[in-house]
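User: I am new to reading protein models. Can you walk me through the features, step by step?

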Amino acid sequence: MASSTVHKQFSTPKAAETTHSAVVFEPFNLPSTNQRQLTHPHPQNTQIPLALRPSTDATSLDNVVSAIETLQRSKSLTKLLARHGTLLFRDLPIHSAVDFSKFAHAFGYRPHEIIGIVVDRPLLAPNVAPANEAPKEVQIYSHNESPQVPHAPEYIFFYAHKAPEKGGETPISSSLELFHRAQAEIPEFIEQLTEKGIISKVTYKATRQNVGGSTLKQAFGKEVLDDDDEDTARKKIEAQISRYGRGRHTTWEWTDSEDGKGLVLTHRIPVVRTQPETNLPTLFTGLAAYYKNRINAGHVSGSRKNVAEQLFGDGTPIPDKYLAHLAKITDEIRVLHKWRQGDVLVYDNIIAQHGREPWEGEQSDRVILASLFDGENLPGPYGFADWAKVVQASD
């Protein structure tokens, strides 16, 4: 098997004797628009993203996969993710969805089962699907993956199968840094989020509500058959929702309106969560994206409507002044990753946010694939309320 290490300041396994070529990953610097030094509570000299590439030409995907597996025996890359939030891998022999799937699975994480999906993700390879197929004019503002449901992945992999010449960057920022800044600048907002959590009301319909969005059947209908009657289909969908196992903190209501039948799913969930091992508080949220979508709706080209309503956990509205300030901080702490074909970004979804910028040219000029995984540990609660706990869906 190939072996590997990461040079410089990182403590990683030493290269082992092997009959194959060793693949060694080494850090390299990116332009300041793509990479920055993180501030408190991150350790000094912590970059986001940490950029890694082979120290020599790596032409064998099998050797790269073996190198990742070797590093992960001591969880070296998982530890780097917990520190930096995001890793960039460049100059790897990844050329297809299948290659990408092999690379992502080498990390040893368990594939994440998506329940309550709000975007369409058709399967292209094992645990690989398009990241988002919304029109190129649409900005998808910074957020953690699946913040509107209590069952979210811990790790996200993105692969650039095709990169546009202009635009289409992926934002990268720290949720730990976001919490620290927000606590210092809008402490009353953080106090209310901690005490109340939020109510997330997600509307699902039989048809797509946005281009690239999902239907109710795609979200919860994996057991629904084409010849099921309405009552049978509803029971199967409700059984999937019940797998969240959160009792009174997850409720639903079937709807029948002029624009079709659907379901409104309501969760009371925490925005403030804690990072495993460190117990540092992190803002796990899409509130700034929710705010941006709402204020841009109908006024900005490529804007899209929200399919989720966000309220404080006691049902009261969240003041725009707090959401606007959260977006302001996000803009100040994020970098925009300029993709090169073949790049792979890996996010620790508990402590890092992502998004998508618009691009020029054709819709097909940007092809980013995604793979989602669960970790060994869920983010912890920040406080003692029973609604503050997140879950992995039951089998």
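User: In which sense do strands β11 and β16 pair, and over how many bridges?

Analyst: First, note that this model is predicted. Now look at the direction of the two strands. β11 (residues 198-205) and β16 pair in the antiparallel sense, over five bridges. One of the matched positions is Val202, whose bridge partner in β16 is Ala308.

User: Is β16 mostly covered or mostly open?

Analyst: Mostly covered. β16 spans residues 308-312, and four of its five residues are buried. As a general idea, side chains in a regular strand alternate between the two faces of the sheet.

User: How do I read a whole sheet? What is the strand order in the sheet that holds β14?

Analyst: Write the strands down in the order of their neighbours. Here the order is β15-β14-β21, three strands in an open sheet with antiparallel pairing. Then look for the edges. β15 (281-283) and β21 each have a single partner strand, so each has one side without a neighbour in the sheet.

User: How many bridges join β14 to β15?

Analyst: Three bridges, and the two strands run antiparallel; β14 covers residues 272-274. Find Thr274, and you will see Pro281 of β15 opposite. Next, look for a helix. α4 (residues 175-185) lies across β14 and β15, and runs at about 95° to β15.

User: What is the order of the four strands in the other open sheet?

Analyst: The order is β8-β19-β10-β17, and the pairing is antiparallel. The edge strands are β8 (140-143) and β17, each with a single partner strand, so one side of each has no neighbour in the sheet. Neighbouring strands here are turned by 20° against each other on average, direction ignored.

User: Which residue stands opposite Pro171?

Analyst: Leu336 in β17 stands opposite Pro171. The strands involved are β10 (residues 170-174) and β17, which pair antiparallel over three bridges. Helix α4 appears again: α4 packs on this sheet, touching β10 and β19, and its direction makes about 60° with that of β10.

User: On to side chains. How many salt bridges does the whole structure have?

Analyst: Look for opposite charges that meet. A search of the whole structure finds 21 salt bridges. Take Lys75 and Glu376, whose side chains meet at 2.9 Å, N to O. Lys75 is in the loop between α1 (61-72) and α2 (76-84), and Glu376 is in the loop between β20 (367-374) and β21 (380-381), so the pair ties together parts 301 residues apart in sequence.

User: Why does Lys75 count as partly exposed, and why does Glu376 count as exposed?

Analyst: Check the relative accessibility. Lys75 has 37%, so Lys75 counts as partly exposed. Glu376 has 66%, so Glu376 counts as exposed, the cut-off being over 50%.

User: What links Glu230 and Lys261?

Analyst: A salt bridge between their side chains, at 2.8 Å, N to O. Glu230 is in helix α7 and Lys261 in strand β13 (residues 260-269), 31 residues apart. Glu230 is partly exposed at 42% relative accessibility. Lys261 is partly exposed at 39%.

User: Which residue forms a salt bridge with Glu357?

Analyst: Arg334 does, with the closest N and O atoms 3.6 Å apart. Glu357 sits in the loop between β19 (352-356) and β20, and Arg334 in the loop between α9 (320-333) and β17 (335-337), so the pair ties together parts 23 residues apart in sequence. Both Glu357 and Arg334 are buried.

User: Which residues are linked in a network of salt bridges?

Analyst: Arg181, Glu185, Lys328 and Glu332.

User: Now the rings. How many aromatic pairs are there?

Analyst: The count is 17 aromatic pairs. Read the distance, then the angle. Phe220 and Tyr244 are 6.5 Å apart, centre to centre, with 85° between the planes, and form an edge-to-face pair. Phe220 is in helix α6 (residues 216-220), and Tyr244 is in the loop between α7 (230-242) and β12 (250-257), 24 residues apart. Phe220 and Tyr244 are both buried.

User: Which rings form a cluster?

Analyst: Ring pairs link Phe25, Phe89, Phe103, Phe107, Tyr109, Tyr155, Phe157 and Phe373.

User: What lies over the face of Phe28, and what over that of Phe312?

Analyst: Arg53 lies over Phe28, at 4.2 Å from the ring centre. Lys196 lies over Phe312, at 4.8 Å from the ring centre.

Key:
Residues numbered from 1 in each chain as written. Predicted model: local features only at pLDDT ≥ 70, side-chain atom pairs only at ≥ 80, totals over all residues. Heavy atoms only, no water. Buried < 20%, exposed > 50% of the residue type's maximum accessible area, 1.4 Å probe, protein only. Pairing = 2+ DSSP bridges. Phe/Tyr/Trp six-rings, centres within 6.5 Å; stacked < 30°, edge-to-face > 60°. Lys NZ or Arg CZ within 6 Å of the ring centre and 35° of its normal. Salt bridge = Lys/Arg side-chain N within 4 Å of Asp/Glu carboxyl O. Contact = heavy atoms within 4.5 Å. Axes fitted to C-alpha atoms, helices over the stretch in contact; angles between N-to-C directions.
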